[in-house]
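This report covers salt bridges and helix packing in one model. The sequence and structure are shown first.

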Amino acid sequence: MSDVEAFTDGACLGNPGPGGWAALLRAKGSERLISGGEAQTTNNRMELLAAISALEALKRPCQVTVTTDSRYVMQGMEEWVPRWISNGWRTADKKPVKNQDLWQRLAAAVAPHQVRWKWVRGHTGHAENERVDQAAREQAEQFRDQA
């Protein structure tokens, strides 16, 4: 099973507003940067799409370390998703889970892999986090006129 490092970030110009996501994949000494965006979205949706896109880009099961500055994504995958699944995608107070479509897609993207989640504080000079942050912001800028 290959070892892969994934660095992910999402950005939004306004919340909601135009948004972008980016992921840097690193394995066996090579790197690949992927990114995208939407005209009208939220920061949390872009953070989720960055992680989803990183995992969906992998062609075979891997051991993946996903480094994110989003506690929302990390805590969601480590704590909330198992509970939401057992509660029929309802929160503790019986409300529908926000961004359920993306949480379900992320859970499916994680399934074939052995994933470890790692949190870093954003905007503190972490080289890979800064790279994906810049790429995500550039994507959001491209959608600014469409919002």
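Arg144 is partly exposed, with 43% relative accessible area; the class lies between buried, under 20%, and exposed, over 50% (1.4 Å probe, protein chains only). Its salt-bridge partner is Glu141, with 2.9 Å between the closest N and O atoms. Glu141 is partly exposed too, at 41% relative accessibility. A salt bridge here is a side-chain nitrogen of Lys or Arg within 4 Å of a carboxyl oxygen of Asp or Glu. Elsewhere, Glu5, Arg26, Glu31, Glu128 and Arg131 are joined into one network by salt bridges that share partners.

The model is predicted: local features need pLDDT of at least 70, side-chain atom pairs count only at pLDDT 80 or more, and totals for chains, interfaces and linings use all residues. Residues are numbered from 1 along each chain as its sequence is written, and side-chain values use heavy atoms, with hydrogens and water left out.

**Salt bridges**

The structure holds 9 salt bridges, including these three:

| Pair | Closest N to O distance |
|---|---|
| Asp101 and Arg45 | 2.9 Å |
| Arg137 and Asp133 | 2.9 Å |
| Glu141 and Arg144 | 2.9 Å |

Asp101 lies in helix H3 (residues 100–110) and Arg45 in helix H1 (residues 43–56), so their salt bridge ties together parts that are 56 residues apart in sequence. Helices (H or I, at least four residues) and strands (E, at least two) are DSSP runs, numbered from the N terminus. Asp101 is partly exposed at 44% relative accessibility.

Arg137 and Asp133 both belong to helix H4 (residues 127–142), where a spacing of 4 residues separates them by about one helical turn. Asp133 is buried at 5% relative accessible area, whereas Arg137 is partly exposed at 41%.

**Packing of H3**

The buried residues of H3 include Leu102, Trp103, Leu106, Ala109 and Val110. Viewed down the helix axis, the buried residues of H3 fall within an arc of 125°, so they line one face; the arc is taken from the directions from the helix axis to the C-beta atoms. Their cover includes H1, helix H2 (71–86) and strand E5 (114–119), contact meaning heavy atoms within 4.5 Å.

The axes of H2 and H3 come within 11 Å and cross at roughly 95°. Axes are lines fitted to C-alpha atoms, for helices over the stretch in contact, with angles from 0 to 180 degrees between N-to-C directions. The two helices H2 and H3 are therefore roughly perpendicular, a class that spans 65 to 115 degrees. On the H2 side, Tyr72, Val73, Gly76, Met77, Val81 and Trp84 meet Trp103, Leu106, Ala107 and Val110 of H3.

How values were computed
Angles under 35 degrees count as roughly parallel, over 145 as roughly antiparallel, 65 to 115 as roughly perpendicular and the rest as oblique.
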